[in-house]
Amino acid sequence: MKLLTHNMLTSHVKGVIKGYPLIIKATEVKVNELEFNGQFVSRMIPKLEWSALIQAAGWLGQSQDLPSTLIPDYENDEEFLRKVHRILLEVEVIEGCLQCPESGREFPISKGVPNMLLNEDE
Amino acid sequence: MALHCGRACRQYLLHLAHDNVDFRLPEIKALLSLRKRPFDTSKTFSEKSPFWHLNGLSEDDMRRVMSRTICGKSSFELWGHGTTTDELRTSLLKYPAENMAPYLQHNSTYKINVYTFNKTLVFKNRIKKIDALDFLPFKGTVNLKDPEHIFCLLEDYGSDPNDIPEEPFHIYFGRWIADGQRELIRSYSVKKRHFIGNTSMDARLSFIMANHAKVKADDLVYDPFVGTGEEILLVACSHFGAYVCGTDIDYNTIHGIGKASRKNQKWRGPDENIRANLRQYGTESLYVDVMVSDASKPVWRKNAQFDAIVTDPPYGIRESTRRTGSHKDIIKPPVDFSGESHVPVSMAYHLSDIFADLLNFAAHHLVLGGRLVYWLPIYRPEYCEEMVPLHPCLTLISNCEQTLSSHTSRRLITMEKTKEPEDSDRLSHLADPHFTPYQGHNSFREKYFSGLTKKNTKDAKATPRNKE
């Protein structure tokens, strides 16, 4: 699971109001090297919940001096974009789980794939 | 008929492939729209014709369209046309000489092709027709192997193979610009390691879907039923530079009709297959994620938005309570579904729920202007346009039929988000009479699957399908 996806996921457990962001508990994390694409990162940044991204990076020990609030004029800051590219796309949780911050319900991540299925009564 | 335009705006002739006829116009319109150009054609335009005039375009526009189109075979800068050889000649003589000159230089090489639609010409007649063009100021040398410029004389002998006229209905002459991507698709099908009986036509339709959805580089594309449908769908989107993600409710084999049994391979899960597919085609860097998730219970936060949603929902049967303990109850006929499959009678049927949920999801999670493209299964004897699901936030763009059997087909529906949803929109579809044909316990399903018998996978593969 990449942090781009995590940034868009929320807990859908019945009755939960504050299900975002899901807490990441990772037991295996991988960092891949991908070709930098500044265009894509620039497009995605306005769609992100920035504080949730910083929080997630922190949980994975990948904070890398990313600022806690978005800097203005980020489109032209290549060094910044590269850092964001890395945290959005190159860092992957292979094993672990996502935890609903309100209900505590855990969704397992196995072989990089989160399983978000709920049981009938949830 | 005279053709005189300025440099910026020439007339072009698009020669279209003669299959997936319904899908052609929406594809070309979508690709022109990506270039922010309208579909501007002549008064005599006929959608069924294999030759389309396009006005108001630059050569760059044409090349970009051809770099994406599956339905378009080739494109030409149109120099002249007419319903008789004399008309063609008059038309060519009226075409500005300064527009022709750059391509007829004496130190250049060229060749002239003759293409006849719905007729075969013997070699000597082709040569005659080429010779009849010698009034044009060709100054260069003919080079049949590797010419700098290719010109084409195209003749349209109508669409009835049983009534081929002596003379063509229409003749065109132009300079070849570029070919479409049909050959590329052929190579995609051949490359596939995991050959599961897909024909190259299925690969073609996946690329056409990506075009209908106006997928472009740096888009984020989502498939909520990634385990069903063509494996190549997200590959096609990534081929055009989009980042892709998908979810599916179940990646285990389902009641024996699963990917493992079809492929005779170990089913490794959708992530491994989708990622492996992207890797095989060199687009692994565009893989975002695949998750196990129930599409009826979306896991996305409120403002999570995708540029496009492309999908092939399961045609099958679900329990009426979606919160079923065993999600294995979702059944889809195999990907090479040609109308034959066995479905247990005990299952309740709520196909309408899938589409209502899908449209509602798209209304909330598409960017404004983003597109939803999906397949809708149809029982042909009862089909009417009103059966296509609608949503107040989505505008219906196109509806293209692919016939599967005498009584079944599937329609590729393209919708564009034109309005942000308000709370009142959420429940609007429940009052919508459009959904009544799909509701009603069992009746639609029985009709759809009636007369079908259980066949094993081998037979299903051998069943004749639509011509390629």
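Here are five short exercises, with worked solutions, on a predicted model of a complex that includes chains A and B.

**Exercise 1. How the predictor rates the model**

Task: Find the mean pLDDT of chain A and of chain B, and the stretches of chain B where pLDDT is below 50.

Solution:
- Step 1. Start with the complex, for which the predictor gives an ipTM of 0.96 and a pTM of 0.85.
- Step 2. Turn to chain A, where the average pLDDT is 93 and 100% of the residues score at least 70. Among the elements of this chain, helix H1 (residues 3-8) has the highest mean, 97, and strand E4 (residues 113-114) the lowest, 90.
- Step 3. Now take chain B: its mean pLDDT is 79, with 72% of its residues at 70 or more. Residues 253-264 of chain B fall below 50, yet this stretch has 27 contacts in the model beyond near neighbours in sequence. Residues 435-442 of chain B are also below 50, with 19 such contacts.
- Step 4. Keep a caution in mind: where pLDDT is low, predicted coordinates should not be read in detail.

**Exercise 2. Two helices that pack**

Task: Describe how helices H3 and H4 of chain A pack, and which residues meet.

Solution:
- Step 1. Two packed helices are described by the angle between their axes and the distance between the axes.
- Step 2. For H3(A) (residues 50-59) and H4(A) (residues 78-90), the angle is about 70 degrees and the axes are 11 Å apart.
- Step 3. Angles of 65 to 115 degrees count as roughly perpendicular, and H3(A) and H4(A) are therefore roughly perpendicular to each other.
- Step 4. The crossing of H3(A) past H4(A) is left-handed.
- Step 5. On the H3(A) side look for A:Trp50, A:Leu53 and A:Ala57; they meet A:Phe80, A:Val84, A:Ile87 and A:Leu88 of H4(A). Sorted by class, this contact has seven nonpolar residues, no polar and no charged ones.

**Exercise 3. Buried or exposed?**

Task: Decide whether A:Ser42 is buried or exposed, and list its contacts beyond four places in sequence.

Solution:
- Step 1. Locate A:Ser42 in helix H2 (residues 38-44) of chain A.
- Step 2. The relative accessible area of A:Ser42 is 16%, and buried means under 20%, so A:Ser42 is buried.
- Step 3. Leaving aside neighbours within four places in sequence, A:Ser42 is in contact with A:Tyr74, A:Glu75 and A:Leu81.

**Exercise 4. Backbone features in chain A**

Task: Find the cis peptide bond that involves A:Pro21, and the phi of A:Asp73.

Solution:
- Step 1. A:Tyr20 and A:Pro21 are joined by a cis peptide bond, with omega about -5 degrees. A:Pro21 sits in the loop between H1 and strand E1 (23-31) of chain A.
- Step 2. A:Asp73 is not a glycine, yet its phi is positive, about 60 degrees. This residue belongs to the loop between H3 and H4 of chain A.

**Exercise 5. Around helix H1 of chain B**

Task: Describe the residues before, in and after helix H1 of chain B.

Solution:
- Step 1. Chain B has 13 helices and 14 strands, and 59% of its 468 residues count as buried.
- Step 2. B:Asn20 lies in the loop between strand E1 (10-16) and H1 of chain B. Its phi is positive, near 45 degrees, and B:Asn20 is buried at a relative accessible area of 13%.
- Step 3. Within H1(B) (residues 21-34), the buried residues include B:Phe23, B:Arg24, B:Glu27 and B:Leu31.
- Step 4. Just after H1(B), B:Lys36 takes a positive phi of about 60 degrees.

Technical notes. Residues are numbered from 1 along each chain as its sequence is written. Chains are lettered from A and ligands numbered from 1 in the order in which they are written. This is a predicted model: local features need pLDDT of at least 70, side-chain atom pairs count only at pLDDT 80 or more; totals for chains, interfaces and linings use all residues. Side-chain values use heavy atoms; hydrogens and water are left out. Axes are lines fitted to C-alpha atoms, for helices over the stretch in contact, and angles run from 0 to 180 degrees between N-to-C directions. Helices (H or I, at least four residues) and strands (E, at least two) are DSSP runs, numbered from the N terminus. Angles under 35 degrees count as roughly parallel, over 145 as roughly antiparallel, 65 to 115 as roughly perpendicular and the rest as oblique. A crossing is left-handed if the near helix is turned anticlockwise from the far one by less than a right angle, and right-handed if clockwise. Contact means heavy atoms within 4.5 Å. Ala, Val, Leu, Ile, Met, Phe, Trp, Tyr, Cys and Pro count as nonpolar, Asp, Glu, Lys and Arg as charged, and the others, Gly among them, as polar. pLDDT is the predictor's confidence in each residue, from 0 to 100. Buried means under 20% relative accessible area, exposed over 50%, partly exposed in between (1.4 Å probe, protein chains only).
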